[in-house]
Amino acid sequence: MMATSNTLMVARRDRTARGDPARLDAILRAAGLSGPMRGVVLSLGLAIYALVLDVLTPEQDWLLPLGLLALLGVAVSLAITWSRLRQQLLLPLVRLEHSLSRVCQGEPGASDALRDAGVLEAIARDIRSLNEELTDLYEEMDNRVARQTMRLAQKTASLKILYDVAAGIHQAESLEELLLRFLRVIKEMVNGRAATVRLVMADGSRRLVGAIGLDDDLVREQDIGPVDLCLCGSLLTPGDIVCGNDARYCSRIYGRRMFASSEMEIVTVPLEYRGELLGVYTVFVERPGVGAREDILDLLATVGHHLGVAIAKQRSDAEARRLSIIEERNSLAHELHDSLAQTLASLRFQSRMLTDSLRGSAISLEARNDLSRIRNGLDEAHTELRELLVSFRAPLDRRGLVPALEKLTHRFGQETGAHVLFQNDCRPFELSATDELQILRIVQEALANIRKHSHAHTVRVLLTRDASAQQVLLIEDDGVGFATPAPGVNPGEHIGLSIMEERARRIGAELRIESDVGEGTRVEIVFDAARRGTRTPRVTS
């Protein structure tokens with residue numbers, strides 16, 4: 001269209017430059033000026049002719065009125081010519097100039113004033129066509145600018161999110177805090193109805209860190225009670241709102257709004273590092289969802305990669321601390337083996353030699369009993385030291401506290417023949433290597449006391465949570481029990497209990513010991529896996 005208009009305009013300009021008489025006549029006829037101008041010429045010629053004849057032949061009286069009438073005709077023709085010139089050319093020319101000025105300024109509707117353009121109608125039509133094309137170009141340009149502005153805004157928002165992720169990796173106090181911080185960000189990014197975040201544990205299980213449900217309240221791991229089951233049998237967490245069965249039935253009976261899979265799209269954001277899945281965000285989005293938004297999916301994948309790197313870094317640091325502890329334990333085991341173990345072995349050998357040398361001698365029965373007690377004490381100390389060395393050299397279970405407790409209680413049952421029960425009523429959680437080691441040492445000491453002193457037939461080890469969402473590790477037996485020491489008693493008389501109390505203090509845990517003669521013993525370790533080390537430890541007996 002623009003090319004055609006340009007061609008027409010060039011052709012008209014060329015004809016005007018050549019002074020085409022036919023075009024000039026056409027313009028005069030279109031303006032209605034051809035007749036009045038001819039009238040001016042004819043009336044003017046007649047007036048001149050009449051006046052000249054009147055001068056030459058004064059006796060002709062009719063020539064003067066004829067000349068005056070011809071001059072009147074000239075005046076009338078000039079008036080008509082001016083009126084038509086003004087209406088058909090001058091006013092359209094002014095409006096054309098004004099419209100051209102508005103067109104050049106890019107004003108919308110600039111050519112509306114050219115509806116009555118007179119002889120300039122063809123030019124006005126070309127200007128209207130040009131203005132429409134310019135308007136289309138302006139609108140297209142505005143649309144492009146708007147699209148580019150939107151893309152820049154999206155890119156800016158994406159960069160801000162990625163910057164927040166990168167900054168949060170270094171500023172967050174814990175991994176759980178970092179994951180929960182971006183749980184709401186990812187949910188709002190895709191306009192989701194609910195969202196959850198889970199961590200993949202070392203044993204392959206997935207631990208729910210937190211969730212946001214339809215009420216938009218953040219539920220943290222420590223606030224989540226026991227596992228909920230829908231009446232249809234589906235496993236529910238606070239952020240899960242999709243049910244594989246009749247969602248309306250589940251919503252009505254269970255009192256919780258649920259959706260069918262046809263209503264909600266489940267968007268997963270894997271937290272990966274070097275191909276290993278370390279966690280996952282799950283967002284529930286109303287269909288049609290974000291499957292067609294490649295920019296959003298790419299941004300989610302990038303965020304997942306960065307958070308996966310953060311998880312891998314945190315676990316690498318934890319593994320480095322674990323290896324450091326193991327190295328320290330091995331070093332301590334070597335020192336004990338090269339010093340105390342050798343000394344005990346030498347004393348045992350010397351006690352046997354002394355016993356053999358005194359076998360035929362006449363010594364009192366009391367001396368022989370004392371010597372036997374010394375030998376038994378040395379044997380028992382040697383056995384306990386060997387067990388301690390084996391425990392030191394045994395690596396910490398990378399799968400966490402629960403597998404370590406299972407292994408410990410199973411071995412205790414095999415060694416003692418007692419009926420040992422281990423029960424875990426907690427959701428999966430993580431502990432630092434130091435906290436895990438101290439708790440295992442307390443359990444080992446409690447089981448060692450049961451083996452030595454309680455004569456128990458049944459031992460129960462229970463890991464559960466109390467009403468305040470803290471973890472409770474219970475070790476109880478049906479043995480003979482003992483009288484708990486009163487405050488202020490010489491700690492040297494109950495050194496094992498003192499060591500257990502000191503280990504609890506190191507990790508900010510609370511140790512409770514309940515026992516009575518003939519009533520068995522109950523040991524409780526209360527600790528907080530989510531906020532460990534933030535409380536002042538207490539020890540009660």
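**Close-up views of a predicted model**

**View 1. Helix α10 and the residues around it.** Within helix α10, the buried residues (under 20% relative accessible area, computed with a 1.4 Å probe on protein chains only) are Leu401, Val402, Pro403, Ala404, Leu405, Leu408, Thr409, Phe412 and Gly413. The model is predicted, with local features needing pLDDT of at least 70 and side-chain atom pairs counted only at pLDDT 80 or more, whereas totals for chains, interfaces and linings use all residues. Residues are numbered from 1 along each chain as its sequence is written, and side-chain values use heavy atoms, leaving out hydrogens and water. Helix α10 comprises 16 residues, 401-416, and spans 22 Å from its first C-alpha to its last, close to the 22 Å expected at 1.5 Å a residue (1.5 Å times one less than the number of residues). Helices (H or I, at least four residues) and strands (E, at least two) are DSSP runs numbered from the N terminus. The cover over the buried residues of α10 includes β8 (419-424), α11 (433-454), β9 (458-465), β10 (471-477) and β12 (521-527). Just after α10, Gly417 adopts a positive phi of about 80°.

**View 2. His453 in helix α11.** With a relative accessible area of 51%, His453 is exposed (over 50%). His453 and Val480, although 27 residues apart in sequence, have C-alpha atoms 7.8 Å apart in space.

**View 3. Gln471 in strand β10.** Gln471 counts as buried because its relative accessibility is 7%. Leaving aside residues up to four places away in sequence, Gln471 is in contact (heavy atoms within 4.5 Å) with Cys426, Phe429, Thr464, Arg465, Ile525, Val526, Phe527, Asp528 and Ala529.
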